[in-house]
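This report goes through selected side-chain and backbone features of one protein model. The sequence and the coordinates come before the discussion.

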Amino acid sequence: MNDKPNILLIITDQQRWDSLGCYGVDFANTPNLDKLASQGTVFENCYVSNTVCTPSRACMMTGKNIYGHGVYRLYDTLPDDEILFPKHLQEQGYQTALFGKLHVSTHTVERDYRHPNDGFDVYEMCHEPGYNMESKYQSYARWLKEKSPEYYQQLQKNVRLPNVPEEYHMTHWAAERTIDYLDNYNGEKPFFCMMSVFDPHDPYDDCPPAFTDLVKPEKIPPPQARISNNEPADIDRDRRGGCTPWYEHSMAEIREMRHGYHSSIAFLDHETGKVLEALERNNLTENTLVIFTSDHGDMLGDHNLIAKGAFFYDPCTKVPLLIRWPAKITPHQREHKLVQNIDLAATVLATAGIDEEEIKKLMPEAYDIFDNDPPREGAFCAYRNTGTCRYSETRYFSPEINATMVRNKRFKYNLYYNASSGAPAGEELYDMDNDPLEFDNLALKPEYAGIKKQLGNQIEKFIAGEKSSRGRNI
């Protein structure tokens, strides 16, 4: 029997931080995740390194900022020589398993090609339920075809279906496969198991019908549907031409989206609860580090924006982070320090016994969350023409949208700039203590010039590191 801790990482897709009861949301139906939170630590300020799936997940799985691995955009591909952190866990004697979404490269690459350094002994992948259903790597599709050939054919024809029955849902599949893995765990090696689901990503209407009744639509507040003063023009370009343009939807439709979104979270909470029960049933709870988080958030109509894109408001950049480890972590903790999704890789490797010096060589900008002294001074999020433009033949915006966010303990500064000249193209400065909804842009007020300069210097250092890296210049 190995005395190293087991590790269970649960990743959702596009889940904003304020979507769980443990974050003070009174309309959420998330009893299992709230219980998990009460048994460990709730992190109040976890920021992603990019606002779109592929780069954010590449950051999370390598422990590097975007310029460290070169995945800048939605359809970029992670280079073959990059190493996902489960590979390092294998070298530490762990058995590793993936059930669900990886998405460190574009889905067409992952359809045909498995990354040589993904580090998974068990690789049961599904990018999205109706995508690439004939791919040899689409494990959900094979499971569904065996379980219900009729429903498989419906999904194959339509790609996306509403009101997916509970027993056929991808989240149920990922949980079922994770539970089977835990039930058959023999204890010879410590395990790292990653359950990665597509919920609550749009479409917002795929939740099993029974779970839509658990969240009362009348209790969900309407979106904060207004625009901050002196908003950078690039944000409106994304609002009108991004993958989910806001202006195409009525307020009634957005309210319906919000209901479907939170209903999906109620369902993933239900399935997560069954996975946590499997840990308990197999006497694995005490020495298993459980991490629950997401790759980025969803605006859901706030600031007149939907989904994710070229903006850094908290509903998009701040995600839930819950960590439980009964053998080491005191329950009922709330942590306010700044952490980032790249820190999860460093934390997992430190937990597995890799020393700090080696971790810093592998991922220089990542911190072990449990040993963050001195604490992180700033959280960075970089957008490099990352998301798609529905009106462009090249998929992406032209001229490019490039911006960087830095968040310190109190302020958030967002700088937009011209890709070729580097000249500023817009800026935002928010006092997060007094303006948490981010509507009062202080960037043009002279009394905040010192704060803006201080944070601007941090962005300059971040960009300097980017330019000296192997990635493309900005």
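Which residue forms a salt bridge with D431? In this predicted model, the partner is R410, with the closest N and O atoms 2.7 Å apart. D431 belongs to strand β15 (residues 424–431), while R410 sits in the loop between β13 (402–407) and β14, so the salt bridge ties together parts that are 21 residues apart in sequence. D431 is buried because its relative accessible area is 6%, under the 20% limit. R410, at 35%, counts as partly exposed.

**Salt bridges**

The count of salt bridges comes to 29. Among them are the pairs tabulated here.

| Pair | Closest N to O distance |
|---|---|
| D431 and R410 | 2.7 Å |
| D314 and K412 | 2.7 Å |
| R239 and E231 | 2.7 Å |

D314 is in helix α12 (residues 314–317) and K412 is in strand β14 (residues 411–417), so this pair links parts that are 98 residues apart in sequence. Both D314 and K412 are buried. In the pair of R239 and E231, R239 is buried at 3% relative accessibility, and E231 also counts as buried, at 18%. Salt bridges with shared partners also join D13, R57, K101 and D295 into one network.

**Surface charge**

A patch of negative charge on the surface is made up of D355, E356, E357, E358, D371 and D373. Of these, D373 is placed in the loop between α14 (356–362) and β12 (379–384). With a relative accessible area of 70%, over the 50% limit, D373 is therefore classed as exposed.

Another acidic residue, E188, lies in the loop between α8 (170–183) and β6 (191–200). E188 is exposed as well, with a relative accessible area of 62%. The C-alpha atoms of E188 and E218 are separated by 51 Å, although the two residues are 30 apart along the chain.

**Cysteines**

How many disulfides does the structure hold? The number is zero. For C193, the nearest cysteine sulfur is that of C126, 16 Å away. A disulfide would need the two sulfur atoms within 2.5 Å, so C193 is in none. C389 is likewise in no disulfide, and the nearest cysteine sulfur to it, that of C243, is 10 Å away. C193 is buried at 0% relative accessibility, and C389 is buried at 11%.

**Backbone geometry**

Most peptide bonds are trans, and most residues other than glycine have a negative phi. The following cases depart from that pattern.

The peptide bond between D199 and P200 is cis, with omega about -5°; P200 is placed in strand β6. A cis bond also runs from S398 to P399, where omega is near 0°. P399 lies in the loop between β12 and β13.

R395 is found in the loop between β12 and β13. R395 is not a glycine, yet its phi is positive, at about 80°. With a relative accessible area of 44%, R395 is partly exposed.

N304, also not a glycine, has a positive phi of about 55°. Its place is in the loop between β7 (288–294) and α12. Is N304 buried or exposed? N304 is buried, because its relative accessible area of 9% falls under the 20% limit.

Note on methods. Residues are numbered from 1 along each chain as its sequence is written. Side-chain values use heavy atoms; hydrogens and water are left out. Patches are made of residues with over 30% relative accessible area and no salt bridge: like charges are joined within 9 Å, nonpolar side chains (Val, Leu, Ile, Met, Phe, Trp, Tyr) within 5 Å. Accessible areas come from the Shrake-Rupley method with a 1.4 Å probe; for residues, only the protein chains shown count as cover. A salt bridge is a side-chain nitrogen of Lys or Arg within 4 Å of a carboxyl oxygen of Asp or Glu. Lys and Arg count as positive and Asp and Glu as negative; His and the chain ends are not counted. The place of a charge is taken as NZ of Lys, CZ of Arg, CG of Asp or CD of Glu. Helices (H or I, at least four residues) and strands (E, at least two) are DSSP runs, numbered from the N terminus. Buried means under 20% relative accessible area, exposed over 50%, partly exposed in between (1.4 Å probe, protein chains only).
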